[in-house]
Amino acid sequence: METYQKYYQLVRDNIKNLVPYSSARHEFTGEAKVHLDANENPNDYHVYNRYPDPLQMKLKKKLSRLKAVAPESIFIGNGSDEAIDILIRIFCNPGQDAIHVLEPTYGMYRVAADINDVQVNTTMLTESFDIDRDQLLDNVRPHDRILWICSPNNPTGNLQDQQIIIDLLRNFPGIVVVDEAYIDFSNEPSMVNIIPDFPNLVVLQTFSKAWGMAGLRCGMAFASPWIIRLMNAVKPPYNVNEYTQRYITGLLDDTVSMRKEVSRILQERDRVIQFLESLEAVTDVFPTDANFVLFRIQNSQEIFAGLKAAGIVVRNRHTTPLCQDCLRVTIGTESENTLFMKQLKILTKK
Ligand SMILES: *Cc1c(COP(=O)(O)O)cnc(C)c1O
């Protein structure tokens with residue numbers, strides 16, 4: 001097992017030296033008769049008059065059992081987008097360091113880097129959207145601090161090879177983030193299980209997709225305790241509100257409903273894929289392990305506009321590298337998908 005020292009030196013000095021804000025809820029965590037320490041309103045005609053648990057321990061204990069990961073290896077964020085921003089702020093000095101992304105991929109890595117004045121270095125995925133391991137390692141620059149691997153990848157939908165990811169964990173000289181936002185739609189095991197072997201691994205997951213909770217804003221990061229401690233020190237003290245903490249904690253008792261919903265979506269996905277493959281205008285339907293399908297279609301911009309005019313919004317990926325003439329469609333309800341297919345059929349016959 002590797003020690004984390006070699007990666008700890010990548011942490012920004014101001015973060016190493018940070019004295020985190022110590023809230024009332026941090027300093028006193030036990031049960032008390034009277035809480036007069038946080039300037040809260042004492043009227044408890046509902047449960048929201050008190051500040052929430054800054055470390056979300058009830059939620060983490062349940063999640064810990066579900067994921068077989070220790071609570072000390074779990075970070076909960078206001079969406080996984082918060083975790084993305086926090087990781088960049090921990091490891092990348094503004095105006096000096098860089099992240100490395102594999103294009104085409106999720107746009108937030110770049111936006112979060114831009115906001116933090118952190119450079120973005122890129123390596124293209126192959127034509128089939130796989131990682132070219134040698135090309136990537138060739139492209140790594142001295143100031144690259146974080147490598148972002150999205151698997152299944154957004155917007156392409158495909159999984160990345162776990163053996164290549166493990167190779168990169170060994171050979172990329174910084175932090176490797178594996179974004180598993182869509183992992184519950186695939187049969188691939190999560191990489192959370194190998195966290196004890198790789199002190200530079202961070203796995204992101206979210207309640208926004210398979211769990212159907214995008215509106216609540218709740219995301220997860222799993223990593224070695226040394227990274228989680230830093231993330232907790234940098235996050236706003238009360239980043240996940242009381243309602244969300246309670247709701248998600250309850251939700252974790254019912255993985256059966258989540259699984260059912262996922263299999264319904266996967267069935268619908270098969271129907272949409274079959275339909276797309278039957279259209280002559282569709283020249284590529286890319287393999288997907290997520291709740292969306294990327295496809296290439298003739299006259300993509302007219303098709304996109306035609307769908308929009310009919311009130312059906314899909315994602316236009318035409319200007320994304322390697323995605324010329326591609327549209328990304330999210331799998332909706334049965335009737336939504338039917339509407340999409342009917343309209344697409346009409347538009348391709350014009
Ligand atoms: C949707 C998505 C997320 C989720 O972000 P949240 O802030 O948790 O809603 C993260 N990564 C990828 C690749 C996504 O597509």
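How many residues surround the ligand, and which are the closest? In this predicted model, 14 residues surround the ligand. The closest are Tyr182, Thr206, Ser208, Lys209 and Arg217.

**View 1. The shell around the ligand.** The residues of this shell divide into three kinds. Five are nonpolar, five are polar and four are charged.

**View 2. Ligand oxygen atoms and their polar partners.** At Ser80, the partner is a polar backbone atom, 2.7 Å from an oxygen atom of the ligand. At Asn154, the partner is an N or O atom in the side chain. Here the distance to a ligand oxygen is 2.9 Å. Lys209 also offers an N or O atom of its side chain, 3.2 Å from an oxygen atom of the ligand. Taken alone, the ligand exposes 390 Å². The protein buries 94% of that area.

**View 3. Asp184 in its loop.** Asp184 lies in the loop between strands β5 (175-179) and β6 (201-206). Is this residue buried or exposed? Asp184 counts as buried because its relative accessibility is 14%, and the cut-off for buried is under 20%. Leaving out residues up to four places away in sequence, Asp184 touches Ala210, Trp211, Met258, Arg259 and Val262.

**View 4. Ile165 in helix α8.** Helix α8 covers residues 162-171 and contains Ile165. With a relative accessibility of 1%, Ile165 counts as buried. Ile165 touches Ile149, Gln160, Val178 and Met191, again not counting residues up to four places away in sequence. Take Met191: 26 residues separate it from Ile165 in sequence. In space, the two residues are 9.5 Å apart, C-alpha to C-alpha.

Terms used:
Residues are numbered from 1 along each chain as its sequence is written. This is a predicted model: local features need pLDDT of at least 70, side-chain atom pairs count only at pLDDT 80 or more; totals for chains, interfaces and linings use all residues. Side-chain values use heavy atoms; hydrogens and water are left out. A residue is near a molecule or strand if one of its heavy atoms lies within 4 Å of it. A polar contact is a pair of N or O atoms within 3.5 Å; within protein, one must be able to donate a hydrogen and the other to accept it, and residues adjacent in sequence count only if both atoms are side-chain atoms. Accessible areas come from the Shrake-Rupley method with a 1.4 Å probe; for residues, only the protein chains shown count as cover. Ala, Val, Leu, Ile, Met, Phe, Trp, Tyr, Cys and Pro count as nonpolar, Asp, Glu, Lys and Arg as charged, and the others, Gly among them, as polar. Helices (H or I, at least four residues) and strands (E, at least two) are DSSP runs, numbered from the N terminus. Buried means under 20% relative accessible area, exposed over 50%, partly exposed in between (1.4 Å probe, protein chains only). Contact means heavy atoms within 4.5 Å.
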